[in-house]
Amino acid sequence: MDGPILSAGFDVARIRQDFPILSQTVRGKPLVFLDSGASAQKPRQMIEAMVRCMETAYANVHRGAYHLSEQATEAYEAARAAVARFLNAADPREIIFTGSSTMAINLVAHSYGRGVLRPGQAVVVSEMEHHANLVPWQMLRDDTGIELRFCRVTDAGELDLEDLAAKLADGKVGLVAVTHMSNVLGTVTPAQRITAMAHAAGAKVLLDGSQAAVHRQVDVQAIGADFYAFTGHKLYGPTGIGVLWARLEHQERMPPFMGGGDMISLVTQERSEWAPPPAKFEAGTPPIIEAVGLHAAIDYVTAIGMPALEAHERQLVDHAMRRLSDIEGLTLLGRAQDRGGVFAFALDNAHPHDLSTLLDRAGIAVRAGRHCAEPLHARFGLEAGTCRASFGLYTTEQEVDYLADALTKAREFFT
Amino acid sequence: MFDDLRDLYQEVILDHGRKPRNFRRLENADRSARGDNPMCGDRMGLFLKLTPDGHIADAAFQGRGCAISMASASLMTETVKGKTAAEAEELGTRFRGLAMTGTCPDCGTGLADEMERLQPLSGVHEYPSRVKCATLAWHTLNAALEGTPGEERMASSE
């Protein structure tokens with residue numbers, strides 16, 4: 001491939017130089033990495049920040065009264081403050097570090113679900129949830145008798161707000177837990193409107209921002225929700241760290257999720273008292289190096305600017321829509337008005353796994369299967385799954401063209 | 001762009017993938033099993049009719065999956081017909097070796113023609129993530145043979 005096209009104010013070529021892995025070849029072809037929705041590649045700045053932490057300023061946090069531990073504690077808390085700014089949270093104490101989005105949602109399902117919600121109440125999820133925002137609620141339902149309701153998704157792949165209103169109507173819903181951006185359809189959901197509807201019906205709102213936080217500027221105060229979850233590794237940060245933003249008033253009411261060190265203020269043989277939020281929810285040694293990495297990743301994307309990143313992605317999405325819509329025999333899943341850089345598709349004459357093997361031969365990395373969203377694929381009658389191309393800030397229009405050409409040739413191959 | 005993939009997707013694979021043989025449900029099957037590959041969603045039901053002396057009189061399957069898994073099941077049902085359970089299991093052991101390594105050191109000794117028939121699938125060994133697609137049918141066959149009449153056994157290639 002030749003040099004990437006430069007969007008206005010956004011120098012993709014220079015950005016790509018920050019990602020060491022992108023200069024690789026795969027089976028003799030330049031790597032075309034279109035699986036950032038599963039996990040994004042890492043910029044040198046983030047990698048170096050983690051190495052620097054380990055080489056110069058590493059010790060356990062919140063424990064030692066010595067220089068290194070104080071430094072590490074300061075870095076860990078600075079990461080919390082950076083996440084708070086990134087989400088426009090009102091207070092850094094609203095930020096709880098977890099191991100992943102999955103763990104963040106499980107924390108809410110256990111702690112808020114079992115500690116605050118009551119039998120007779122209901123939780124609403126949507127048909128387009130990632131299993132991470134579905135299975136924990138099924139487990140809650142099976143444990144407690146709390147009802148689980150599914151908000152429908154329209155044929156275009158948007159959340160059916162009329163159905164949401166219907167699901168909220170009886171006033172029994174205690175929590176609406178929905179994605180802020182589908183990892184399959186690319187649909188960005190109207191978070192503010194969903195929150196307003198839920199609150200009017202007396203329900204709290206959890207947004208799964210695993211995808212959205214990467215593709216959109218998120219302002220939790222403007223959205224007005226109650227919980228927001230995202231993960232570090234999709235945001236060009238390390239694996240092993242996730243974030244739960246939770247309003248302090250909810251944290252106060254919620255019992256701890258896991259017990260251990262660091263989450264207590266007093267322990268005797270008989271009992272323990274919980275530390276104040278958010279420490280109450282961070283039992284054990286936290287992901288310290290990962291927090292430093294996440295901080296660096298947030299600095300990296302905010303230096304580029306989320307608006308510039310969104311504009312670049314909008315161009316890519318429009319281009320991909322045009323190119324992919326032109327391919328004979330290709331079904332695109334989801335045609336939402338507001339969407340990010342995630343495209344799931346199926347060819348009429350190739351199983352997704354065969355197709356992804358072919359694309360791999362061309363150096364193109366896409367994901368095949370049901371992308372942890374089995375009910376959604378059933379909803380669209382695609383039980384065999386789809387292939388999914390998902391973009392990162394380093395994705396170029398040439399890569400989209402290369403994918404489109406490869407898909408056309410793949411269809412010929414299987415004919 | 002994809003010429004080197006003809007090793008994996010040989011014409012016989014594409015043919016069996018598009019038009020799998022013995023693709024039906026066997027009524028009154030003596031043995032049956034369901035095979036699942038939960039990672040990729042491949043799923044099949046396998047049905048066997050046995051003779052009183054333990055030969056496989058008929059083998060058929062139904063299911064959905066990629067070209068590799070469908071072709072493998074199709075070729076397997078053709079290959080095991082007329083074999084004893086022990087021979088079918090031996091074929092399965094050799095086939096799994098072939099799929100994982102691309103070679104079959106024992107293939108000169110007995111059942112050589114049968115293994116020759118399965119040879120087109122040997123290209124899968126170069127694609128570690130796809131080996132399970134090729135072996136699912138054979139795991140399912142083992143489960144069926146280990147079962148009892150009327151029992152639906154479960155197999156997984158995970």
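Helices, as the term is used here, are DSSP runs of H or I with at least four residues, and strands are runs of E with at least two, both numbered from the N terminus. With these elements the loops of this predicted model can be located.

In chain A, Asp262(A) occupies the loop that joins α10 (248–253) to β11 (264–267). The phi angle of Asp262(A) is positive, near 80°, and this residue is not a glycine.

Further along chain A, another loop connects β12 (272–274) with α11 (288–304), and Pro278(A) is placed within this loop. The peptide bond that leads from Pro277(A) into Pro278(A) is cis, and its omega is near 0°.

Attention may now turn to helix α13 of chain A, which spans residues 352–361. Nine of its ten residues are buried, so the helix is largely enclosed by the rest of the structure. The buried residues of α13(A) include Pro352(A), His353(A) and Asp354(A) towards the beginning of the list, as well as Leu355(A), Ser356(A), Thr357(A), Leu358(A), Leu359(A) and Arg361(A). After α13(A) comes Gly363(A), with a positive phi near 85°.

Chain B offers a further case of a positive phi outside glycine: Asn22(B) has a value of about 55°. Asn22(B) is situated in the loop between α1 (11–18) and β1 (31–37) of chain B. Is this loop residue buried or exposed? The relative accessible area of Asn22(B) is 13%, and buried means under 20%; Asn22(B) is therefore buried.

Conventions
Residues numbered from 1 in each chain as written. Chains lettered and ligands numbered in written order. Predicted model: local features only at pLDDT ≥ 70, side-chain atom pairs only at ≥ 80, totals over all residues. Heavy atoms only, no water. Buried < 20%, exposed > 50% of the residue type's maximum accessible area, 1.4 Å probe, protein only.
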